[in-house]
Amino acid sequence: MNDPTPVARPAEPAARQRKPDWIRVKAPTSAGFAATRALMRSKSLTTVCEEAACPNIGECWSKKHATVMILGDTCTRACAFCNVKTGMPRAVDPMEPNNVADAAVQMGLEHIVITSVDRDDLPDGGAKQFVKVIEAIRKASPSTTIEILTPDFRNKHEAAVEMIVAARPDVYNHNLETVPRLYPTIRPGARYYASIRLLEQVKKLDPSIFTKSGIMLGLGEERLEVHQVMDDMRSADIDFLTMGQYLQPTPRHAKVQDFVTPAAFDAYAAIARAKGFLLVASSPLTRSSYHAGDDFAKMKAARDAKLAKAVVSV
C-alpha cells in the first residue's frame, strides 16, 4: 500500500516564496481581541501569542483565550525558528504568579496554558516559578484546568520536572519542534533525546497527567523522519501530538523549505492516530495551544473511552 503523504518539495527561491491561501488569516480587529490585550497589559503579562507572532492570535484573543508566557520576555537561547528576543533576562517577577491567576479569573478561563522562555541563567531553569503559578491559579480559580508548556530544563531537568509534576498540572507539554537531524541548525541549544526523556519522566512520575508534544513541518524534514518522531513520542507514552506549518517570522530566521498542504497534514494525522496517540491535531495553522481547552476535553473523553473498553474486554 502506498503511503499517501507527499514527499516534501524543494524550496522555492526566497524571492518567490509566498504564503498559500490556506494559511492566510485576517488581521485582528474584534472587541474581544482589544479587551484581552488590555488585560494582559494591565497585569504586565507577556503572551507567546504576541512574542511568537502566532497567526491565530486574532481568533484566540477574540474568544479571550491566551497563552501566558512567564519568566519574562527574553530568552537565553536563540533558536532559528523563534521570534522571542534573546539576551540576558531580567529578575523573576515575584508578582507574576498572582497576576497570572488574576487574569485567569477575570477572563473566566476554564482552561489556561502557561509557557515560558528558556531561563538557563536560573539554577532550576524557572521550575519554581511554574510551580508558584500553578499554585496561584489553583487557589484563585480551582475549576480552571492548567496546561503547561515548559522548556527542556537542560542539565537540570530531572529535579525541575519532579518539582512541576508534584504540582499536578492537568497537561504537561514540551515541544520537540523538529526532527533530530535538524536540531543543530534549528534548535542548537537543545538535545532531541533529552526532550524525549523529559516527557517520558513526566509519565513515569504521574501517569494521570496528560503529556503533549508538537513539531513544525516545512523546515526540510523528510516524511520517514516525521514517522520516526511519532514512534519516539509513542515510546515515551506521549498522549497528544500537534503538527503545524512553520512560518518564518523575520528574514533572519530559518527559511521555509516547503508549504505543506492540508491534505499532507491530514495524511500525517491518519498515520499518527494509527500509531496510538489519544489525540492528534494536524493542520497548517495548528499551534501548541490552539483550541487547547477543547482538545483537553477531547483527550479526557478519549482516555475514558479507552479505559471503558479495557474494562469490558477483561
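A salt bridge, for this tour, is a side-chain nitrogen of Lys or Arg within 4 Å of a carboxyl oxygen of Asp or Glu. Keep that cut-off in mind, and keep in mind too that the model you have open is a predicted one.

**Stop 1: the whole chain**

Start with a cartoon view. The chain has 314 residues, and 53% of them are buried. Its secondary structure comes to eleven helices and ten strands. Among contacts with a separation of 6 or more, 76% are between residues 24 or more positions apart. The salt bridges in the structure number 14, and the next few selections pick out some of them.

**Stop 2: Arg77 and Asp152**

Select these two and show side chains. Arg77 and Asp152 form a salt bridge, at 2.7 Å from N to O. Where in the chain do the two partners sit? Arg77 is in the loop between β3 (74–75) and β4 (85–86), and Asp152 is in the loop between β6 (145–149) and α6 (157–166), so look for a link between distant parts of the chain, 75 residues apart. Now add a surface: are the partners buried or exposed? Arg77 is buried at 7% relative accessibility, and Asp152 is buried as well, with a relative accessible area of 4%.

**Stop 3: the network around them**

Keep Arg77 and Asp152 on screen and add Asp118, Asp120 and Arg154: these five residues are linked in a network of salt bridges. Zoom in on Asp118, which you'll find in the loop between β5 and α5. Asp118 is buried, its relative accessible area being 14%. Which residues does Asp118 touch, leaving out those up to four places away in sequence? Thr74, Cys75, Thr76, Arg77, Pro151 and Asp152.

**Stop 4: two more salt bridges**

Next, select Arg138 and Asp170, a salt-bridged pair whose closest N and O atoms are 3.4 Å apart. Arg138 belongs to helix α5 (residues 127–140) while Asp170 is in the loop between α6 and β7 (171–173), so this pair ties together parts that are 32 residues apart in sequence. Both ends are partly exposed: Arg138 at 27% relative accessibility and Asp170 at 22%.

Then move to Arg168 and Asp206, whose side chains form a salt bridge at 3.1 Å, N to O. Arg168 is in the loop between α6 and β7, and Asp206 is in the loop between α8 (192–205) and β8 (210–217), so parts 38 residues apart in sequence are tied together here. On the surface, the two ends look like this: Arg168 is partly exposed at 45% relative accessibility, whereas Asp206 is buried, with a relative accessible area of 13%.

**Stop 5: strands β9 and β10**

Go back to cartoon and select residues 240–245, which are strand β9, along with β10; the two pair in the parallel sense over four bridges. For a landmark, click Thr242: its bridge partner in β10 is Ala281. Follow the chain from β9 through helix α10 (residues 262–274) into β10, and you trace a right-handed β-α-β crossover.

Now put side chains on β10, residues 279–282. Which residues are on its two sides? Leu279 and Ala281 are on one side, Val280 and Ser282 on the other, and all are buried, so to speak of the strand as a whole, both faces are covered.

While you're here, select Gly276, in the loop between α10 and β10. Gly276 is partly exposed, with a relative accessible area of 32%. Set up a C-alpha to C-alpha distance to Met230: you should get 9.6 Å, for two residues 46 apart in sequence.

**Stop 6: helix α11**

Last selection: residues 292–313, helix α11. How far does α11 reach from its first C-alpha to its last? The answer is 31 Å for 22 residues, close to the 32 Å expected at 1.5 Å a residue.

Color Ala292, Asp295, Phe296 and Met299, the buried residues of α11. Turn the view so you look down the axis of α11: those buried residues fall within an arc of 105°, so they line one face of the helix. An α-helix has 3.6 residues a turn, so residues three or four places apart point the same way. Roll α11 over, and the face turned away from the buried side carries the exposed residues Asp294, Lys309, Val311 and Val312.

To finish, show what covers the buried residues of α11: the cover includes β5 (111–116), β6, β7, β8, β9 and β10.

Definitions and conventions:
Residues are numbered from 1 along each chain as its sequence is written. This is a predicted model: local features need pLDDT of at least 70, side-chain atom pairs count only at pLDDT 80 or more; totals for chains, interfaces and linings use all residues. Side-chain values use heavy atoms; hydrogens and water are left out. Buried means under 20% relative accessible area, exposed over 50%, partly exposed in between (1.4 Å probe, protein chains only). Two strands pair if DSSP finds at least two bridges between them. A crossover is right-handed if, with the strands pointing away from the viewer, the path from the first strand over the helix to the second runs clockwise. The expected span of a helix is 1.5 Å times one less than its number of residues. The arc is that of the directions from the helix axis to the C-beta atoms. Contact means heavy atoms within 4.5 Å.
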